[in-house]
Amino acid sequence: MKEQVEQVLGPLGARAWVHAVDLDTGSEVGYGEYGLVALASVFKVPVLVELFRRFGDGRLSPAERLDVPASGRSAGPTGLSVMADPIELSLRDLAYWMMSVSDNAATDILVGLLGVDAINATLRELGLTRTRVDGTCDDLYQTMYEDVPEGAGPEAMRAARAVDPERTQHSGTPREVTRLLAAIWRDEAAGPGECAEMRRILGLQAWPHRLRAGFTEPGARVSAKTGTLPFWRNEAGVVEVDGGRYAVAVFLRTEDHRYRQPAADACVGTLGRLAVDHLRSSDELVWSADHLRSRRSGARRPGTVRAATPEAIQEQASRLGAEIWLHARDLDTGESVGIGENTPVVTASVFKVPVALELARQSAAGEIDLTQRVTVPAEGKVPSPYGLAAHRDHVVVSYRDLAQLMMVISDNVATDLVLDRVGKDRVAALLAELGLEGTAVPQNCAEIVGTVAEDLGEAYGDDERELVAVPLERLRTLRALDPAQTCRTTPEEITRLLAGIWREEAAAPQACALVRGWMGAQIWPHRLSSGFPGDDVVISGKTGTLPLIRNEAGVLEFRDGGRYAVGVFTRAADPTPNAPHLDALIGWAAAEAVAQLRGERH
């Protein structure tokens, strides 16, 4: 495996530490697996274990409730860290947020409750002698504030304690991380019930762009935890594929300190795949490094010096097995580029943009108090891959934070509560007022998911993996995939709506600012954002996903002042639920369309 790993790492100029173990046979493979690494947020797995051990022995109750104030929360880009109002929830639901979206505020509440001494004592009891948890997320970031003064360059960041495995707050080795995961999967880290719940929570992680990107088989399942720091891109988890179970840990250090590094993210999946295929002990199963690189890169730029034309973008989409509809608009000049831009398309969750705008408009008009709190019960919720649907207990949350959840992680439960509050009729009136005749929101999330279940004659939980056995011809007949029978728009109209929000023409300035803020906090890095590596572009977006459907619409703001609204809508010919090459197509196509508007050459 060593030669293949180094082939993959070569173009990135990166270093890696990898370990994988077959949970059933005990066979293992590694590359630098005994080396000390900065865990970053992978340290949250030991926190999870200590918490659930206490649930198991009765020292803590999983249903114990906390009312978390808005002030004093640890900083972070997701979860409670970015919610604006107090929230009341249970300890086990705090654990969900810590793992699903790597919520720093939730993590630090739990670390403070448990204590680092107890977490480390449990690690030693489980035989992990080199893994340590020496503080909270906030403690880690405080060292970065001290070591990297404002305006300091990459060299200061490179010398920071936080990114040095010997001096950072949280460190370990890949081999010990897989040992901890193995203990969870073998019911050795805690009682069987507690281990089962930890496995459930790890299976709900939101990020698809690292380890999961290496395992695209329809039946593959990845339950994992990411970790990110400047220079570091990590993920550790358990891969279940073709009847096998493999604990995998991949730690990657690049020479680039910037946040958006799609090639490095994809490399994590590539290296995890290499390790698992070596464990499967078949020459036919061990992919070549070149093949792995081609999978991870997804869409490739055509070999021309100019930005791809609309025709070239369509050709590339066709080669990748997808139809594409696109519109990009310069918000300042009005110039645009399109591919079938007036064609009706299924919005999927992109419909949440006009819902958010109507909520913000009603707030600005004094009709809704966004700080009003709502009790969301534990039962009877609309299915959703992320967010409130995953809660074991009821939660008390404000409308403002429901909107945040709706836009940031596309939470279906939050969406339907917001839409019920503002009213479909008011959303329809908003769209009519803005002249968006081809855009409509006739259904909420529960109704969309319900039509899929009705059309298939079986239960459906808004998880494409449930449909892997459904023939493609049957999927194509779903009402949820017909623009005439579900939420819809056109690429041109969605960029017109976004332009109105960014120019403050679609609503009062404070309402437009709210929507821009919600869209700017979206967590997904694998579609629109993947086309704009580095940190030079501010990206605000909203994804949409249904069987065969992958979309994203958003606004790109460049440092030179250029602002571009983009809507990309795709429909796949292959029903495979995990298709990183099609996710990457969205970012690539958007980048090419914007490059045309900017007159850029490659």
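A cavity here is a set of grid points where a 1.4 Å probe fits but cannot get out, and its volume is the space filled by probe spheres set on those points. Keep that in mind for the second half of the tour. One more thing before you click around: this is a predicted model.

**Stop one: the sheet.** Select the strands β2, β1, β10, β9 and β8. In that order they make up an open sheet of five strands, and the pairing is antiparallel. Now colour β2 (28–31) and β8 (221–229): these are the edge strands, each pairing on one side only. Neighbouring strands in this sheet are turned against each other by 5° on average, direction ignored.

**Stop two: a pair of strands.** Keep β1 (residues 15–22) and β10 (residues 244–253) on screen and hide the rest. They run antiparallel, with eight bridges joining them. Which residue of β10 is the bridge partner of R15? Pick R253 and you have found the partner.

**Stop three: a cavity.** Bring everything back. The count comes to five cavities of 30 Å³ or more. Let's visit the second largest, with a volume of about 60 Å³. To see its lining, select T78, G79, V82, M83, W97, V101, Q404, L405, V408 and I409. Try colouring that lining by residue type: seven of the residues are nonpolar and three are polar, while none is charged.

Which helix gives the most to this lining? Select residues 399–408 to find out: that is helix α14, which supplies three residues to the lining of the second largest cavity.

How values were computed: Residues are numbered from 1 along each chain as its sequence is written. This is a predicted model: local features need pLDDT of at least 70, side-chain atom pairs count only at pLDDT 80 or more; totals for chains, interfaces and linings use all residues. Side-chain values use heavy atoms; hydrogens and water are left out. Two strands pair if DSSP finds at least two bridges between them. Helices (H or I, at least four residues) and strands (E, at least two) are DSSP runs, numbered from the N terminus. Axes are lines fitted to C-alpha atoms, for helices over the stretch in contact, and angles run from 0 to 180 degrees between N-to-C directions. On a 1 Å grid over the protein atoms alone, a cavity is a set of points where a 1.4 Å probe fits but cannot get out, and a pocket is an open set with protein on both sides within 12 Å along at least five of seven lines; lining residues have an atom within 4 Å of a point. Ala, Val, Leu, Ile, Met, Phe, Trp, Tyr, Cys and Pro count as nonpolar, Asp, Glu, Lys and Arg as charged, and the others, Gly among them, as polar.
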